[in-house]
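Trainee: I'd like a close look at one spot in this model, starting from the backbone and working outwards. Take your time and connect it to whatever else is worth a look.

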Amino acid sequence: LTDISCDDANSTGSVGNATASFNLEAGETVTCTFTNTQQASLTVEKVLDGDPTGLTTSFAYTRSFGADFNLDPVNTPGSVQFDNLQPDTALTDTETIPTTAGWALLSATCGVGETVNLGTGTISNIVLDPGEQATCTFTNTVPTLELLKTGTLDDGGDGIANVGDIINYVFTVTNTGKVALSNIVITDADPDVTIVGGPIESLAPGAVDNTTVTGSYTLTQADIDAGTFDNTATATGDCPQAEDCVTDDDDDRQPLVAGPAIMLDKVGTLNDDDGTPGVSAGDTITYAFTVTNTGNVLLTNITITDPVVTVMGGPLASLAPSAVDSTTFTASYVVTQADIDAGSFTNIATVMGDCPGGLEDCATDDDDDTRQLTPPPRPPGEPQAIPVNNPWAILLLTLMVLALGWYFRPSMR
């Protein structure tokens, strides 16, 4: 019953009571019309576009035409029908997505010229004709995005990693789902990675952004000694009805090329221990060793060996890149008469060091030192010995013998 009307001004009708009241006068005819309109019905259904595995919470609905209700599309029928609805009246139904479900509202439709707001999950202005049976369908999907983090080391063109070199990062974000995402923020697990740009204001389904957000990191000695630099970035975005509804992470590993190198400088000093002019047997040569880390990694367990002399000091526990040590190692040698007769003394020292990761003797270098040994002058009148190990002296002596032989040859008749 939607209306009661009578053609008599003194008559009244009450739709609520379904009653018409009227006063009849003699000979009067009054006509009262009871108008009935067929009521409408509305079905609300829930559809999931995606794998419902793990969905344990139902979706809640608030409606203007009765009490709130829930729909569980997995464990119970995902729809409910409401009958006896007043036609030609604007109705409203709103869906609330479970905050832990990981779903977003993809679409909402009733097919009766309604108004849809996906941001609030509301269908309004649902106006049904008399006797109409309509269905409002709320379709939910799982929002997804993909983050690709790509790092590039700027090594300055020398091919090895050095302290202060920079890794530059490009972040590529793709909306791999079916709903628009907004306020996409990228963070990095390493607080020393600098993130510039963002958030990405919006990203439509299928869209890609690789320019809004960039990052950088400055290498330390510890990174180079480790041989790699690894870190992970995370992208988080908002759905129309929920914040931080979708996330993805990606890591990047940068191999850091090691360039171990070491340099040895060996310098000998001849000491006149007996105080006589020139070199005498028993005089000493003292050696100083300067070791420089000319590579890009920390060196440890540095030793110096010499096949002829005994090296004192060491091993040197560690030497950072560019660091110099000139005090740890020393050596000395006692000059012999054979050395003096040879005219000089030469020997070679070798330095070796270990690299990070247990790589032994990864850096090595050697250096030699030659000391000229000049014997003391002979007293006046003392024959001067001719060194027999000097090839020029031997040649000179040979020529002198031949000349004398020619001069004293028997006269030829």
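Mentor: Let's start at Asn125, which is partly exposed, with a relative accessible area of 40%. Keep in mind that this is a predicted model, so every number here is computed from predicted coordinates. Asn125 belongs to strand S12, which covers residues 122–127. Its backbone is what caught my eye: phi is near 55°, a positive value in a residue other than glycine. Most residues other than glycine have a negative phi, and most peptide bonds are trans.

Ala18 also has a positive phi, of about 55°, and it is not a glycine either. Asn125 sits in a strand, whereas Ala18 is found in the loop between S2 and strand S3 (19–21). With a relative accessible area of 44%, Ala18 is partly exposed, because that value falls between the 20% and 50% cut-offs.

While you're in that stretch, look at Asn10, in the loop between strand S1 (3–6) and strand S2 (12–14). Asn10 and Asn23 are 13 residues apart along the chain, with 6.3 Å between their C-alpha atoms. Neighbours within four places in sequence aside, Asn10 is in contact with Ser21, Phe22 and Asn23.

Next, the peptide bonds. Gly198 and Pro199 are joined by a cis peptide bond, with omega about 0°. Pro199 is in the loop between strand S17 (194–196) and strand S18 (200–203). This proline also turns up around Ile184, a residue of strand S16 (residues 181–188). Ile184 counts as buried, because its relative accessibility is 0%. Beyond four places in sequence, Ile184 touches Val173, Pro199, Ile200, Leu203, Ala235, Thr236 and Gly237. For a sense of distance, Ile184 and Val297 are 113 residues apart in sequence and 39 Å apart in space, C-alpha to C-alpha.

Another cis peptide bond joins Gly314 and Pro315, again with omega about 0°. Pro315 has its place in the loop between strand S26 (310–312) and S27. Follow the chain into S27 and you reach an open sheet of four strands, ordered S27-S25-S30-S31 with antiparallel pairing. S27 (316–319) and S31 (359–372) are its edge strands: each has a single partner, so one side of each is left without a neighbour in the sheet. From one strand to the next, the twist averages 30°. The antiparallel strands S25 (residues 299–305) and S27 are joined by three bridges. Thr300, for instance, has Ser318 in S27 as its bridge partner.

Leu319 in that region is also among the contacts of Thr292, a residue of strand S24 (residues 284–293). Thr292 is buried, because its relative accessible area of 13% is under the 20% cut-off. Besides Leu319, residues touching Thr292 from beyond four places in sequence include Ala261, Met263 and Val324. Thr43, in strand S5 (residues 40–49), is another buried threonine, at 17%. Not counting residues up to four places away, Thr43 touches Ser79, Val80, Gln81, Ala134, Thr135 and Cys136.

Now the rings. The structure holds seven aromatic pairs. Tyr61 and Phe69 make a stacked one, 5.1 Å centre to centre with 10° between the planes. Both Tyr61 and Phe69 are buried. Phe65 and Phe82 form an edge-to-face pair, because their planes stand at 75°, with the ring centres 5.5 Å apart. That pair links distant parts of the chain: Phe65 is in the loop between strand S6 (59–63) and strand S7 (69–71), and Phe82 is in strand S8 (residues 79–85), 17 residues apart. Phe65 is buried at 15% relative accessible area, and Phe82 is buried at 11%. Those four rings, together with Phe138, form one aromatic cluster.

Finally, two lysines over rings. Lys46 lies over the face of Phe59, 4.7 Å from the ring centre. Lys149 has its charged end over the ring of Tyr169, 4.4 Å from the centre.

Back to where we began: Asn125 combines a positive phi near 55° with a place in strand S12 and partial exposure.

Note on methods:
Residues are numbered from 1 along each chain as its sequence is written. This is a predicted model: local features need pLDDT of at least 70, side-chain atom pairs count only at pLDDT 80 or more; totals for chains, interfaces and linings use all residues. Side-chain values use heavy atoms; hydrogens and water are left out. Helices (H or I, at least four residues) and strands (E, at least two) are DSSP runs, numbered from the N terminus. Buried means under 20% relative accessible area, exposed over 50%, partly exposed in between (1.4 Å probe, protein chains only). Contact means heavy atoms within 4.5 Å. Two strands pair if DSSP finds at least two bridges between them. Axes are lines fitted to C-alpha atoms, for helices over the stretch in contact, and angles run from 0 to 180 degrees between N-to-C directions. Rings of Phe, Tyr and Trp (its six-membered ring) pair if their centres lie within 6.5 Å; planes under 30 degrees apart count as stacked, over 60 as edge-to-face and the rest as tilted. A charge sits over a ring if NZ of Lys or CZ of Arg is within 6 Å of the ring centre and within 35 degrees of the ring normal.
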